[in-house]
Amino acid sequence: MSERIYLSSPDVTEAEEQALARAISSGWVAPLGPEVDAFEAELADYCGRRHAVALSSGTAALHLGLITLGVGPGDLVLTSTMTFAATANAITYVGAEPVFVDCDATGNMDAGLLEEAFERCAGGGQRVAAVLPVDLLGKVVDHARVDDIASAHGVPVLADAAESLGATRDGRPAASFGNVAAVSFNGNKVMTTSGGGALLTDDAHLAQRVRYLATQARQPVVHYEHTEIGYNYRLSNLLAALGRAQLARLDDMVQRRRQHRLGYLELFDGVAGVSAFGEPSGLAGGPTHDNWWLTSVLVDPSVAGFSTEDLRLALASADIEARPLWKPMHLQPVFAGARAVLDGTSERLFSTGLSLPSGSVLDDGQMQRIHAVITSFLEGRRATR
């Protein structure tokens, strides 16, 4: 049996091993330390921000971002329905209520529906306290429109850039948008610290408060003094060292995923009923491009003669992982009955979309194996039509 091929495995090299050895030999093996300080400075610079706070997860960044923006019990947060559960879960952590907004063809929040969501929520006795748009599969939200709409309503923006580090929009890096932004370094992202995340902002006071809350809200006195509830959310020095090595390689890893995307586009070129999701995504270069985190295709079964599930099962039979696009939050049982402004786009993407193995760690032999399985599947389908 061939080794299993995963959707997006970590890409770890000797550089990461050396970084971890450096951190261990320094004696700073507990949370915080010089590697954390250096990682925060390098990450802020990469993202075009003044401040970065390294945290234990992207979810922690969302949670603290909402707290520091003043979101609390009874508030409403307008957020993307096409996202992973962490986005909506963080809203509930602060006692607020998510209002789900559908996406446009890119999978990102539809700015027109966002405006409609503001209108629907007006006069209901609850405050819209924040807008939380999500960069889906590495494509940066149209912040020129989304942020303008939020600003017109006097509402801050928390940009969920968990999936988009390494992408740009209009020449600006992902996580440079919004009042604050959250990124993730989970093991399946383009770069990883095993687990981890960060909050980015240009507001020094806000960054300082996030650091305070993330270290159990301990007062700066010699004994342990606490006047607020805090959280154990800081990143360890060892994982920060890993993150520094990964950040130095991020652009190269992004380009490797770009090559995988190009290969898939060639493979599916001319296949009726199959289209690449979110293209052109700046493949020819320019000031706007995604980070090619996951390459996904959309399949119209009435034209193609097969469904995404048919293709997924063919790959699974060869021990190759593929996965549907996110199931929209408004369809999740845990959020049954939640308010939502919808036009059906996210449900269509969920039913017709499939993400293919995209990791930068995939070598040429593995990619050839994936392509061979897909080619055989497509030829078999043509033969039976």
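Here is a quick tour of two cysteines and one sheet in this predicted model.

**The cysteines**

Let's begin with sulfur. How many disulfides does a search of the whole structure find? The search turns up 0. Take cysteine 103, which is in no disulfide: the nearest cysteine sulfur belongs to cysteine 121 and is 18 Å away. Looking from the other end, the sulfur of cysteine 121 has its closest cysteine sulfur in cysteine 103, and because 18 Å lies between them, that is too far for a bond. A disulfide would need the two sulfur atoms within 2.5 Å.

Are these cysteines buried or exposed? Here are their values:

| Residue | Relative accessible area | Status |
|---|---|---|
| Cysteine 103 | 1% | buried |
| Cysteine 121 | 6% | buried |

**The sheet**

Now for the strands. An open sheet is built from 4 of them, in the order S1-S9-S8-S5, and the pairing is mixed. Strand S1 (51-55) and strand S5 (158-160) stand at the edges; each has a single partner strand, so one side of each has no neighbour in the sheet. Going from one strand to the next, the twist averages 20°.

Zoom in on one edge: S5 pairs with strand S8 (residues 180-184) in the parallel sense, over 3 bridges. Which residue in S8 is the bridge partner of leucine 158? That partner is valine 180.

A helix joins the picture too. Helix H7 (residues 204-214) packs on the sheet and touches S1, S8 and strand S9 (197-201). The direction of H7 makes about 15° with that of S1.

How values were computed. Residues numbered from 1 in each chain as written. Predicted model: local features only at pLDDT ≥ 70, side-chain atom pairs only at ≥ 80, totals over all residues. Heavy atoms only, no water. Buried < 20%, exposed > 50% of the residue type's maximum accessible area, 1.4 Å probe, protein only. Pairing = 2+ DSSP bridges. Helix = DSSP H or I, 4+ residues; strand = E, 2+ residues; numbered from the N terminus. Axes fitted to C-alpha atoms, helices over the stretch in contact; angles between N-to-C directions. Contact = heavy atoms within 4.5 Å.
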